[in-house]
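Got the viewer open? Let's take a short walk through this model, one selection at a time.

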Amino acid sequence: MNEDIEVHGSSGPPVLLLPGGHVSCHGFYPGYPEALVADPGARVIVHDRPGTGKSMVPGTLAGASEHLHALVRRLGMGPVVVVGQSLGGDVALLFARDFPEDVAGLVLLDPVPCGDADIARLLERRYAVLARAARVPPLRRLIRRAMRAKAEREITARGLRGSVAEALEWSADIDVRELARALEGLCALAEDFRESDLPRGVPAAVVSADHEPGRIGDGARAAHARVAAALGVPVTRWPGTSHSLHLEQPERTIDVIRAVVRRTTNLA
């Protein structure tokens, strides 16, 4: 099996973890695989899709759902409960739309505003500009220091410690050029996305950060509400949480995943 794939647990309902951005899934959800193997007895797939993380295979956002379809079939573990944070949440939605037979459940953790082409265009352009600036080594170092400093402030402000603090720290220590490549095509996908195309009746949860008012925050709230309505579930929002809610509230987030897994297997 490739080095970028790990399966935790030997039996039980399969759960596929998808990280945000372009970073590796290995370490992105600290303690999650072990907790989900222990309860509700799941098998947890930790995987880096092409073009992200440790994967040495080139890949694009547009090809993500086709790749996951092939992965699930190759592992013989479908249908899976898909857990995705940020851009991983969008990949989870595209996967459910394109291959509903592969998806037993969905847990969306503050996904990038799905179907909002204006915000997708804004994000894609913003990081493209940063990526161009990062071609200059001094600017690249400056951008990287700024992203690390922002993560350190969040760690201090929220009192994060141990593995969750480490996960936030390393996920912020990135080359913005790689993130920009991971976001390429986001606007085109958003323009083509329709909540009505999502499968009906699939057990799901939509967890939204406590976004501040503004174009992106308001857009995220509206997009999450549309997706939740299409899936027939309420939006869950924990006061004071940011985009990294899976690290700020790991126990609550794991409980949300467990609840969706139990619904897929009719466990009490």
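**First stop: strand 6**

Ala204, Val206 and Ser208 point one way from strand 6, Ala205 and Val207 point the other way, and all of them are buried. Keep in mind as you look around that this is a predicted model. Now select residues 204-208, the whole of strand 6: 5 of the 5 residues are buried, so the strand is largely enclosed by the rest of the structure.

**Next: the neighbouring strands**

Add residues 103-109 to your selection. That's strand 5, and it pairs with strand 6 in the parallel sense over 4 bridges. Zoom in on Leu108 and you'll find its bridge partner in strand 6, Val206.

Stay on Val206 and now bring up strand 7, residues 235-237. Which residue of strand 7 does Val206 stand opposite? It's Val235. Strands 6 and 7 also pair in the parallel sense, here over 3 bridges. To see how the chain gets across, select helix 9, residues 215-231: the path runs from strand 6 through this helix to strand 7, a right-handed β-α-β crossover.

**Last stop: the cysteines**

How many disulfides should you look for? The count comes to 0, with a disulfide taken as two cysteine sulfur atoms within 2.5 Å. Select Cys25 to see this: the nearest cysteine sulfur belongs to Cys114 and is 18 Å away. Cys25 is buried, with a relative accessible area of 3%.

Then hop over to Cys114. Its nearest cysteine sulfur is that of Cys187, 14 Å away, and Cys114 is in no disulfide. Cys114 is buried, with a relative accessible area of 3%.

Technical notes: Residues are numbered from 1 along each chain as its sequence is written. This is a predicted model: local features need pLDDT of at least 70, side-chain atom pairs count only at pLDDT 80 or more; totals for chains, interfaces and linings use all residues. Side-chain values use heavy atoms; hydrogens and water are left out. Buried means under 20% relative accessible area, exposed over 50%, partly exposed in between (1.4 Å probe, protein chains only). Helices (H or I, at least four residues) and strands (E, at least two) are DSSP runs, numbered from the N terminus. Two strands pair if DSSP finds at least two bridges between them. A crossover is right-handed if, with the strands pointing away from the viewer, the path from the first strand over the helix to the second runs clockwise.
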